[in-house]
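This report walks through one protein model, moving from its overall make-up to a few of its parts. Please keep the sequence and the structure in view while reading.

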Amino acid sequence: MVCAYDNRMIEEIVSARNIIREQNNEIERLKEFIGKQDNKIATEIKSNIIMKKALKCQEEFIVNISHELKTPLNVLSATVQLFSMYYDSGSLDKMKGSIVKYIKSMKQNCYRLSKLINNIVDSSKIETGFFELHLSNNNIVEVVEDIVTSVTDFTDSKGLNIIFDTDTEEKIIACDPEKIERVVLNLISNAIKFSDKGDEIFIDVKDKNEFIEMSVEDNGIGIEEKNLDTIFDRFKQVDKSLSRNTEGTGIGLSLVKSIVELHGGCIYAESEVGNGSKFIVNIPSRNIPHEKVIHSNKISSKNGNIKVELSDIHLS
Ligand code: ADP
């Protein structure tokens, strides 16, 4: 027989247990809340760090870009002043020889400005999703070989030997030939920039069935292993003390990567400091329906594009 006293005790124990259970639940809820807050704080710290890095990168970019804009502008304005002086002193005819040289330099600097502005515009188009590929079925071997042929005069003038090789004569794939030209010219332009007289540049196209592999290889100064991934980031340049004090904004390779990725492909680099670099591009071998094969010789204004793309390498 349970007496009233025992019943009260049992009720009190049950109620105490309920209170403890409630409190435990509350503690669990608090723990969960604190955990979520911790995660939130950690995420906020992380995004703060990422934002600071991006801001620093953009600041560096503004400094770089101002320098890159000012250099050709200074050359142009100094040359215009000089011409004006020749005109005022009536010596235009006498100075004909040097004027021709100056006009060449002005043209070169106009190309440099065009390249810079093209790159900035395309880079922001990519960021905002307005960059478009105009895909058609093309013989990629011919597209690349044509580009190589058209830069040969330039590489000859720099004392560099450019060699094209392929394991197939024809491979029709869906691509935007103008954008592929941009990719290959950018890679060749870098290969030239970081090579010395007498060096060799190899351009190779290989048929790997599911994809086509294009590579641009040089035996120039090379890239440190720790920089092999970051060189594809926007505005990223390798520490100038290591990479030779060349012109540039660090937009080129990020554009190249975006164009390759828009084609459904990928790009990576292999390098050894002092022994050269190799940039490898893989583009899927697929065709688009209702194909319209446009041959590479139909690419418009190739000469203009080459002058613009190679404009930050000075003719000696
Ligand atoms: P930039 O316009 O400054 O040349 P890129 O995006 O084309 O920018 O290249 C980024 C950096 O990658 C360069 O500043 C250079 O340090 C390095 N780089 C690119 N290509 C080569 C190469 N073929 N050999 C050595 N370094 C290279």
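## Terms and overall make-up

Before the inside of the protein is described, one grouping of residues is needed: Ala, Val, Leu, Ile, Met, Phe, Trp, Tyr, Cys and Pro count as nonpolar, Asp, Glu, Lys and Arg count as charged, and the others, Gly among them, count as polar. It should also be said at the start that the model is a predicted one.

The protein has seven helices and seven strands, and when the chain is read along its sequence these elements follow the pattern α-α-β-α-β-β-α-β-β-α-α-β-β-α. Of its 316 residues, 38% are buried, where buried means a relative accessible area under 20%.

## Helix H2

Helix H2 covers residues 96–128, and its 33 residues should span 48 Å at 1.5 Å a residue, which agrees with the 48 Å between its end C-alpha atoms. After H2 comes glycine 129, whose phi is positive, near 80°.

Which residues of H2 are buried? They are Ile99, Met106, Gln108, Asn109, Arg112, Leu113, Lys115, Leu116, Asn119, Asp122 and Ser123. When reading such a list, it helps to recall that an α-helix has 3.6 residues a turn, so residues three or four places apart point the same way.

Two residues of this helix can be followed to other parts of the chain. Leucine 116, which is found in H2, counts as buried because its relative accessibility is 7%, and its C-alpha atom is separated by 9.3 Å from that of aspartate 312, although the two residues are 196 residues apart along the chain. Tyrosine 102 is also found in helix H2, but this residue is partly exposed, with a relative accessible area of 27%; the C-alpha atoms of tyrosine 102 and valine 75, which are 27 residues apart along the chain, are separated by 9.5 Å.

## Helix H4

Helix H4 has 17 residues, and from its first C-alpha to its last it reaches 24 Å, close to the 24 Å expected at 1.5 Å a residue. Since 16 of the 17 residues of H4 are buried, this helix is largely enclosed by the rest of the structure.

Isoleucine 192 is found in helix H4, and with a relative accessibility of 3% this residue counts as buried. The C-alpha atom of isoleucine 192 is separated by 9.6 Å from that of isoleucine 162, and the two are 30 residues apart along the chain.

## The cavity

Rolling a probe the size of a water molecule over the atoms shows where empty space is left. In this model the count comes to one cavity of 30 Å³ or more, and the largest cavity has a volume of about 40 Å³.

The lining of the largest cavity is made up of Val183, Val184, Leu187, Ile203, Met214, Ser215, Val216 and Val281, and the elements that give two or more residues to this lining are helix H4 (177–193) and strand S5 (211–218). By the grouping given at the start, the lining residues divide into seven nonpolar, one polar and no charged.

## Aromatic pairs

A search of the whole structure finds two aromatic pairs. One of them joins phenylalanine 232 and phenylalanine 279, whose ring centres are 6.1 Å apart and whose planes stand at 75°, so the pair is edge-to-face, given that planes over 60 degrees apart count as edge-to-face. This pair links distant parts of the chain, with phenylalanine 232 in the loop between S5 and helix H5 (240–243) and phenylalanine 279 in strand S7 (residues 276–284), 47 residues apart. Phenylalanine 232 counts as buried at 7% relative accessibility, and phenylalanine 279 counts as buried at 7% as well.

## Cysteines and a positive phi

A disulfide is a covalent bond between the sulfur atoms of two cysteines, and how many disulfides does the structure hold? The structure holds zero disulfides. Cysteine 110 is partly exposed, with a relative accessible area of 38%, and cysteine 266 is partly exposed, with a relative accessible area of 34%.

Most residues other than glycine have a negative phi. Asparagine 209, however, has a positive phi near 65°. Asparagine 209 has its place in the loop between strand S4 (200–207) and S5, and with a relative accessible area of 57% this residue is exposed.

Technical notes. Residues are numbered from 1 along each chain as its sequence is written. This is a predicted model: local features need pLDDT of at least 70, side-chain atom pairs count only at pLDDT 80 or more; totals for chains, interfaces and linings use all residues. Side-chain values use heavy atoms; hydrogens and water are left out. Helices (H or I, at least four residues) and strands (E, at least two) are DSSP runs, numbered from the N terminus. The expected span of a helix is 1.5 Å times one less than its number of residues. Buried means under 20% relative accessible area, exposed over 50%, partly exposed in between (1.4 Å probe, protein chains only). A disulfide is a pair of cysteine sulfur atoms within 2.5 Å. On a 1 Å grid over the protein atoms alone, a cavity is a set of points where a 1.4 Å probe fits but cannot get out, and a pocket is an open set with protein on both sides within 12 Å along at least five of seven lines; lining residues have an atom within 4 Å of a point. Grid points are joined across faces, edges and corners, and a volume is the space filled by probe spheres set on the points. Rings of Phe, Tyr and Trp (its six-membered ring) pair if their centres lie within 6.5 Å; planes under 30 degrees apart count as stacked, over 60 as edge-to-face and the rest as tilted.
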